[in-house]
Amino acid sequence: MRQKLVVGNWKMHGSRTQVRQLIEDVAAGTAGLNDVEIAVAPTFLHLGLAAQLSQQVGAEHPKLAAQNLYPQEQGAFTGEVSAPMLADYGVTYVIVGHSERREIFAETDQAVAVKFQAAQEGGLLPILCVGESLQQREQGSSEEVVLSQLDAVIAAAGVEALQSAVIAYEPIWAIGTGKTASPEQAQGIHRVLREHIAKSNSTIAAGVRILYGGSVKASSATELFDQTDIDGGLVGGASLKAEEFISICKSAD
Ligand code: PGA
């Protein structure tokens, strides 16, 4: 049985006051949820504060995720943060290959694969994002796009590496747009991803968690999470509102 996972991607949002409030509210609101794993990804700047607060609160949820990493342990890389540094702060997960990083920061499939491996070597669990644009969907190439994004990582790290990783299917046309993929659309791609992995290793395919991301809301979460191959969510906008995020986490419990 795959345990559901809900991750809040806070993107470039938050002040110290907001971070404190959100961590406290999420910790209190998700206490007692035993069947779901929950994480939040604040900015690098706020991770230390979030780690400190989580320790003080002593709650089971949320764990911490980072939004990015640089694939070197340390050195002259001005402005960057490494996997060991994140692990040292108690961070568990790191998002790699988010479409915003692929698009705005020109991260290639190869660069994403390198980050994926560096995350694992540094003691973090990568959350690998894949997803097609609206144009690609309209051209009928959604499956081809997500599989080639996944294959770039499998080629570099090997299929076994998926044992210590999470995949997130995030159709770009659904991110921040209010347009959620229908549960059937999402399930279709999730199944394709899992079946593709199963061709190399059926045990790993059965165990790997595949999250859906793209305008997940409290109102759409239950139906999405009910799909056979959807193992939780990567939640952007709705993760900044405690009540909404807690409700999404409850849908996965
Ligand atoms: P959204 O973002 O929920 O605001 O669409 C999801 C994501 O980018 O991870």
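Reader: Which residues are closest to the ligand?
Author: This is a predicted model, in which local features need pLDDT of at least 70, side-chain atom pairs count only at pLDDT 80 or more, and totals for chains, interfaces and linings use all residues. Residues are numbered from 1 along each chain as its sequence is written, and side-chain values use heavy atoms, without hydrogens and water. Around the ligand stand 13 residues (a heavy atom within 4 Å). The closest of them are K11, H98, E170, G176 and S215.

Reader: Which residue has a backbone N or O atom 2.8 Å from an oxygen atom of the ligand?
Author: The side chain of K11 brings an N or O atom to 2.7 Å from a ligand oxygen. For S215, a polar backbone atom is 2.7 Å from an oxygen of the ligand. At 2.8 Å, the backbone atom belongs to G236.

Reader: How many residues of the shell around the ligand are charged?
Author: Asp, Glu, Lys and Arg count as charged. The shell has 4 nonpolar and 7 polar residues. Its charged residues number 2.

Reader: Which residues lie nearest the centre of the second largest pocket?
Author: A pocket is an open set of points on a 1 Å grid over the protein atoms alone, where a 1.4 Å probe fits, with protein on both sides within 12 Å along at least five of seven lines. The ligand sits in the second largest one (more than half of its atoms within 2 Å of the grid points). This pocket is lined by 23 residues (an atom within 4 Å of a point). Nearest its centre are G176, S215, G236, G237 and A238.

Technical notes: Polar contact = N/O pair within 3.5 Å; in protein donor to acceptor, adjacent residues only side chain to side chain.
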